[in-house]
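Reader: I am new to this structure and would like a close look at a single part of it. Please take the largest nonpolar core, and describe what surrounds it as far as that helps.

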Amino acid sequence: MPRKIRFKLNGRAVSTDVMPHETIVDMLTQHFDLTGARESCGQGLCGCCTVHVDEKPVSGCLSLAWFLDGANVRTIEGLADGDNLDPVQQAFIETGAFQCGFCTPGFIMMTKKLIEQHPKPTDDEIRHYLTGNLCRCSAYPEIIEAVKLAASRVGLRN
Amino acid sequence: MPAAPFPERERIDARDKVLGATAYAADIPLPGLLYAMMVPATTPKGRVETVAVEGAMQVRGVVRVLTAFDFPALPGPPPTPATEIAYRGQPVALVVAETLEAAIEGAEAVRATYAGQAFVPLIDSPGAARELVQPKKAGNAQAAMAGAATTIEASYVSPAQHHNPMEMLSTTAVWRDGKLTIYEGTQSASLVRANVAIALHLDPAVVEVKSAQVGGAFGQKIPLQRQTPIVALAAILIGRPVKLVLPRAQIFHNAVFRPKSRHQVALGADAGGKLTAIRYDADHQQSRKGTLEPGYHESPPRMYGVADYDGTAAHVRIDTQDPGAMRAPYPHPAQFAFESAVDELAHKLGRDPVAFRLAHQATTDPISGNPLSSCFLNDCLTEGARRFGWERRPIAQGAMVEPDGTLVGWGVAAGGYPANVSPTIATLRVSADGRTRFAVAGHEMGQGIRTVIAQLLQRELDVDPARLEIAIGDTAAAPQHTTASSRGTVSVGAAVTAAAAKMRAAMAELIGQRSIAGNIHRQLATVRRPFLQVEVSTLGPGQDAGALDRLRAGARAAAGPEYPQFTSFSYIAHFVEVRVEPSTRRVRVPRVVSIADCGRVVSPRTAASQVRGGVVWAIGAALREETEVDPRFGGWLNADLADYVVPVNADIGDIDVGFVDRPDPLFNAVGSKGLGEVAMVGAAAAIANAVFHATGTRVRKMPLRIEDLL
């Protein structure tokens with residue numbers, strides 16, 4: 001049987017009926033037309049489906065929507081402030097930190113958390129923090145640069 | 001006149017990508033969409049005797065189950081469910097349902113029975129059928145080898161591998177008003193269109209294929225995908241749009257893969273230490289009816305100007321799915337073997353491996369006898385050695401040891417890749433309101449072909465880049481070539497150059513002697529012309545109009561690397577530092593320098609990204625990636641991303657990329673040659689050569705594993 005859940009999605013109060021088996025990715029795609037978080041490995045190790053639930057990064061392909069009642073959910077689509085990109089998004093553009101872009105939303109959502117926890121990350125901290133995100137096009141060197149650029153700007157702003 | 005260097009610019013598709021707004025094939029929203037799931041064969045070889053679908057039909061939400069009996073009978077192996085099972089995981093049925101969950105539950109409820117047959121799982125299993133193809137020869141390698149003062153001979157192995165782009169294979173089909181529209185990630189929209197039409201007995205004119213954004217491909221999405229006509233028929237029979245996204249394990253079993261290959265290389269040098277003879281025998285894993293040629297003799301003859309070359313190649317046919325092209329399909333495994341062998345020969349001669357290669361500048365293709373259109377490999381080697389600090393390298397193995405016992409080694413290797421080109425048919429429309437639309441062949445798989453087109457257009461014409469629409473990957477926009485073999489930039493370069501010239505001529509005719517201020521859009525507005533449109537077609541060197549017919553038909557239309565007057569290759573040199581940990585023997589690659597000769601670099605940003613990506617692919621290939629067959633049951637053992645280990649950020653160190661950036665005006669007007677494939681070629685050998693330098697152990701197979709260094 002479906003259950004009605006009420007939660008905050010990218011700052012907006014929403015509600016929807018979900019089935020017990022529906023993952024967060026399925027729900028975002030089918031109920032809200034949000035496709036930025038995508039399934040790829042289906043095992044929680046590629047990071048393409050990363051979203052924030054109550055400020056924590058989670059794998060949206062393994063997490064059930066059922067438990068989102070009352071939660072605060074942020075996806076890649078909710079990161080920019082209107083036309084103003086988030087500093088992490090801007091840094092990924094300037095450093096060219098992607099090719100096909102399929103993994104990019106997951107990397108950006110994870111980088112947001114990385115910078116919160118490591119405001120001045122070293123290369124090694126970045127490499128290990130982002131080990132749960134796969135980029136088969138292999139823009140890894142550019143991603144390191146993007147994270148450092150974003151961290152430097154967030155640091156200046158705070 | 002060849003183009004001057006191009007400026008560094010951001011990718012034109014960057015903003016959508018960071019917003020998560022890029023729509024890949026499975027993201028297209030469609031009203032009334034049904035979800036599908038495939039039922040894989042659970043036998044490696046045999047015949048389907050029965051398929052019980054009743055259990056699936058009882059699952060709430062299941063709409064229909066398709067089996068082999070729903071499809072038109074066709075001669076030859078159909079790209080549809082078949083009763084003859086050639087490999088484990090082959091589609092037996094397709095379950096279509098109102099929800100994905102119901103489709104999955106329904107697929108699990110389908111029961112098939114099989115009459116099993118004996119099968120051959122490995123290329124060294126009894127029953128593997130060896131099938132020689134035409135040899136590749138130049139001069140008299142046998143005589144040259146007999147007269148050589150120094151020879152080496154060794155065998156090398158490259159494993160089966162899977163591409164694993166992050167975007168999973170998917171097909172979404174819509175049948176409406178007698179027209180079939182297919183959305184899927186493909187590198188070959190026109191080929192898909194032609195082959196779906198054949199499989200389903202449709203007129204190609206009623207089929208359109210759209211692949212505007214592809215989430216990585218690397219060769220996996222070149223051929224017709226197994227699921228495409230199945231999903232298309234489901235949409236036709238049911239009359240609603242149907243979407244299938246293959247689970248990753250099913251992709252491992254149904255997509256093409258890089259076949260395992262074996263390489264026996266013998267090299268001979270004269271008394272002066274000059275490489276004079278090459279003998280190279282290659283074979284590879286092949287399915288019973290597969291067609292991927294064992295084309296391993298592309299690059300080795302074109303590296304070092306050796307006149308005497310003797311190459312053989314063979315299929316080894318077993319019971320598996322069809323192998324296919326995976327990034328640098330021939331040169332990557334071939335150059336792993338060949339460049340390892342060159343390192344072995346240089347070592348035996350007591351020569352520095354960079355100096356040895358520099359002494360062998362190639363100017364001629366011994367296979368065709370024609371000159372190489374350009375070869376700046378020595379520039380790559382010289383610049384790479386300078387940046388890397390190669391002159392500080394001790395010649396002895398095991399001479400660089402850190403205080404904690406870490407062994408450090410430095411290795412070098414080179415790569416070559418054919419410079420190919422496709423004919424194109426393109427349409428350019430420039431409007432007075434500021435818009436520009438360019439429709440041409442090409443698929444955006446991440447390499448940045450739209451950015452390349454924008455770079456070229458902005459150089460040729462004063463168009464507004466903010467309002468530029470680049471229509472590619474769409475059979476409704478222009479006939480689509482297979483975007484592969486590094487031919488994208490070269491092909492669109494010709495199309496843009498021709499279209500811009502025709503547009504300038506049309507503008508000149510329109511404006512006459514008047515002098516009108518502003519860009520091309522303003523000029524059109526001033527003369528009250530809403531738009532100008534030109535259509536052009538281009539051919540590769542030596543091609544005739546038949547190539548355009550093949551392009552329109554979705555058939556193989558490209559040319560290269562042998563052209564009537566010359567042969568064209570891109571080149572690269574890789575310099576690698578490895579560190580072998582003392583207690584675990586784990587190999588790390590902290591530092592790489594790669595210098596490429598791809599002719600004129602059209603988009604510096606995406607070009608550098610291609611090379612870094614290619615180097616990372618080689619690190620994965622050299623140290624991690626192998627898909628393993630279960631010989632008891634057939635099929636792949638490590639069919640997911642937990643067990644098929646690809647590189648992550650923590651595996652990658654510094655990768656310094658440079659370009660010779662000298663145009664090849666003989667090959668085309670822009671002077672570019674192609675890059676995405678050559679980027680990877682030779683880098684795995686450079687890693688193996690560095691491991692030898694660190695440890696004194698020569699590993700002649702990929703991946704190099706910890707146990708190989710104990």
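Author: What follows starts with the core, then turns to each chain and to some single residues.

The model is predicted. Its largest nonpolar core has 151 residues. Those with the most contacts inside this core are A:Phe92, A:Ile143, B:Leu267, B:Leu377 and B:Phe575. The element that gives the most to the core is helix α15 of chain B, residues 604–623, with 11 residues. Another core lies apart from this one and has 34 residues, among them B:Ile472, B:Met507, B:Val527 and B:Val670. As general background, nonpolar side chains tend to be buried together in soluble globular proteins.

Two members of the largest core can be followed through their contacts, one in each chain. A:Ile143 is placed in helix α5 of chain A, which covers residues 140–157. Its relative accessibility is 0%, so A:Ile143 counts as buried. Leaving out residues up to four places away in sequence, A:Ile143 touches A:Phe92, A:Ala97, A:Phe107, A:Leu130, A:Cys135 and B:Asn649. The list thus includes A:Phe92 from chain A and B:Asn649 from chain B. A:Phe98 stands 45 residues from A:Ile143 in sequence, and the C-alpha atoms of the two are 7.5 Å apart in space.

In chain B, B:Leu267 touches B:Met145, B:Thr150, B:Thr151, B:Ile152, B:Leu275, B:Ala277, B:Ile278, B:Phe338, B:Ala341, B:Val342 and B:Leu345, again without residues up to four places away in sequence.

Chain A can now be described as a whole. It has five helices and five strands, and along the sequence they follow the pattern β-β-α-β-β-β-α-α-α-α. The radius of gyration of chain A is 16 Å, close to the 15 Å that the globule rule gives for 158 residues, so chain A is as compact as a globular protein of that length. Taken along the principal axes, its C-alpha atoms fill a box of roughly 50 × 30 × 25 Å. Of the 158 residues of chain A, 58% count as buried. Among the contacts in chain A with a separation of 6 or more, 57% come from residues 24 or more positions apart. The chain exposes about 6,400 Å², and carbon and sulfur atoms supply 50% of that area.

Chain A is divided into domain 1 (3–78) and domain 2 (87–157). The contact between them takes 15 residues from domain 1 of chain A and 14 residues from domain 2 of chain A. Their C-alpha centres lie 22 Å apart.

Chain B is divided into domain 1 (25–119 + 163–254), domain 2 (261–419 + 564–702) and domain 3 (421–547). Domain 1 of chain B gives 18 residues to its contact with domain 3 of chain B, which gives 16 residues. The C-alpha centres of these two domains lie 36 Å apart.

Some loop residues of chain B are also buried. B:Val681 sits in the loop between β25 (654–659) and α16 (683–695), and B:Val681 is buried because its relative accessible area is 0%, under the 20% limit. Leaving out residues up to four places away in sequence, its contacts are B:Ala328, B:Pro331, B:His332, B:Gln335, B:Ala414, B:Gly415, B:Gly416, B:Tyr417, B:Ile572 and B:His574.

One of those contacts, B:Ala328, lies in the loop between β16 (308–317) and α8 (331–349) of chain B. B:Ala328 counts as buried at 0% relative accessibility. Its phi is near 50 degrees, a positive value in a residue other than glycine. B:Asp661 also has a positive phi, near 55 degrees. The place of B:Asp661 is in the loop between β25 and α16 of chain B, and with a relative accessible area of 22% B:Asp661 is partly exposed.

B:Lys221 is a buried residue with a polar side-chain contact. It is found in the loop between β12 (207–210) and α6 (228–238) of chain B, and its relative accessibility of 0% makes B:Lys221 count as buried. A polar atom of the B:Lys221 side chain lies 2.6 Å from the backbone oxygen of B:Gly216. Residues touched by B:Lys221 include B:Pro165, B:Glu167, B:Leu169, B:Thr186 and B:Val214.

Two cis peptide bonds complete the picture of chain B. One runs from B:Gly560 to B:Pro561, with omega near 0 degrees, and B:Pro561 is in the loop between α14 (546–552) and β23 (569–580). Another runs from B:Met702 to B:Pro703, with omega near -10 degrees, and B:Pro703 is in the segment after α16.

Key. Residues are numbered from 1 along each chain as its sequence is written. Chains are lettered from A and ligands numbered from 1 in the order in which they are written. This is a predicted model: local features need pLDDT of at least 70, side-chain atom pairs count only at pLDDT 80 or more; totals for chains, interfaces and linings use all residues. Side-chain values use heavy atoms; hydrogens and water are left out. Helices (H or I, at least four residues) and strands (E, at least two) are DSSP runs, numbered from the N terminus. Buried means under 20% relative accessible area, exposed over 50%, partly exposed in between (1.4 Å probe, protein chains only). A polar contact is a pair of N or O atoms within 3.5 Å; within protein, one must be able to donate a hydrogen and the other to accept it, and residues adjacent in sequence count only if both atoms are side-chain atoms. Contact means heavy atoms within 4.5 Å. A nonpolar core is a set of buried Ala, Val, Leu, Ile, Met, Phe, Trp, Tyr and Cys residues joined through side-chain atoms within 4.5 Å. The radius of gyration is taken over C-alpha atoms; the globule rule is 2.2 Å times the number of residues to the power 0.38. Accessible areas come from the Shrake-Rupley method with a 1.4 Å probe; for residues, only the protein chains shown count as cover. Domain bounds come from an automatic or database domain assignment.
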